[in-house]
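User: I am new to this structure and would like a careful look at one part of it, with enough of the surroundings to place that part in the whole.

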Amino acid sequence: MTFSLLGRCARTGQFGAAVTTSSIAVGTRVPFLAAGIGGVLTQHRTDPRLGPRGLDLLRSGCSAEEAVAALAASTPHHRWRQLAVMDAAGRTAHFDGANVKPERGVAHGTDVVALGNILSSPRVPEAMAAAFLAGPEQPLAERLLRALEAGEDAGGEHGDVTSACLLVVHRECFPYVDLRIDKDPRPLPALRRLWEEYAPLADGFVRRAVDPDDAPII
């Protein structure tokens, strides 16, 4: 019971992911990103081991399509897995195992892939991708969050979501944005409030790491 997306900002080179689900701590299990490399989503009967494995495949030079194929081949339980990968060029690929429960769906666009399982409507991924593509001038984190909100507006999943995550990487080894909501009856509005508070501080936190002599007081 999860819907999520991977996105890339061609202007800044940032990669990001956003996800929401009915179970706790989705941010620790589904999205995996590496600056300059790309991203992986692993969901349904989630195997978080596939995230780092997918990033290693991308680092080795695999395309998104090659990485997804290798991930599916590497797990004996591929029937239960739903995967998406984005490579450094913004190319996307996905895998739906035979046991991934309906409604399930996926939508690919320029620099975006959105997917979900146990959805209330097969239109949810399309709504997410469309919302992401509608605001190329916006910060990547804002585009991802708007996409997640559009997925909820299009019906979301069966049942209530309780956790959500917004993750963005840029040039450094640490995330540019890593915001999480858990055990909240309305996690997306809570994530929206958290992002709006964090957004004006994000560059300052990076500055404190790379140039502490000229960093803002936060």
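What follows is a request about one sheet and a single connected answer. In which order do the 4 strands of the open sheet stand, and what is the sense of their pairing?

Analyst: This is a predicted model, in which local features need pLDDT of at least 70 and side-chain atom pairs count only at pLDDT 80 or more, while totals for chains, interfaces and linings use all residues. Residues are numbered from 1 along each chain as its sequence is written, and side-chain values use heavy atoms, with hydrogens and water left out.

To set the scene, the protein chain has 6 helices and 10 strands, where helices (H or I, at least four residues) and strands (E, at least two) are DSSP runs numbered from the N terminus. The C-alpha atoms of this chain fill a box of roughly 55 × 40 × 30 Å along the principal axes. The radius of gyration is 16 Å, which agrees with the value near 17 Å for a compact globule of 218 residues; here the radius is taken over C-alpha atoms, and the globule rule is 2.2 Å times the number of residues to the power 0.38. Of the 218 residues, 50% count as buried, meaning under 20% relative accessible area, with exposed over 50% and partly exposed in between (1.4 Å probe, protein chains only).

Now to the sheet itself. Its 4 strands stand in the order β3-β4-β5-β6, the sheet is open, and the pairing is antiparallel; two strands pair if DSSP finds at least two bridges between them. At the edges are β3 (31–34) and β6 (92–96), each of which pairs on one side only. From one strand to the next, the twist averages 10°, with axes being lines fitted to C-alpha atoms (for helices over the stretch in contact) and angles running from 0 to 180 degrees between N-to-C directions. Helix α1 (residues 50–59) packs on this sheet, where it touches β3, β4 and β5 (81–86), and its direction makes about 150° with that of β4; touching, or contact, means heavy atoms within 4.5 Å.

The edge strand β3 can be followed residue by residue. It pairs with β4 (residues 38–44) in the antiparallel sense over 4 bridges, and among the partners in β4, P31 is matched with L41 and F32 with V40. The two strands form a hairpin with 3 residues between them, and G36 in the turn has a positive phi of about 75°. In a regular strand the side chains alternate between the two faces of the sheet. In β3, P31 and L33 point one way while F32 and A34 point the other, and all of them are buried.

At the other edge, F95 lies in strand β6. Leaving out residues up to four places away in sequence, F95 touches V68, A72, H78, R81, Q82 and L83. Its C-alpha atom is separated by 9.4 Å from that of V106, which is 11 residues away along the chain.

V106 falls in β7 (105–109), and this strand belongs to a second sheet, which is worth a look for orientation. This second sheet is also open and antiparallel, with 6 strands in the order β7-β8-β1-β2-β9-β10. β7 (105–109) and β10 (177–181) stand at its edges with a single partner strand each, so one side of each is left without a neighbour in the sheet. Here the twist averages 5° from one strand to the next. The strands β9 and β10 run antiparallel and are joined by 5 bridges, and C165 stands opposite R180 in β10. Helix α4 packs on this sheet, touching β1, β2, β9 and β10, in a direction that makes about 150° with that of β1.

Within this second sheet, T21 lies in strand β2 (residues 15–21). T21 is buried, because its relative accessible area is 3%. Neighbours within four places in sequence aside, T21 is in contact with M1, T2, V26, E157, V161, T162 and S163.
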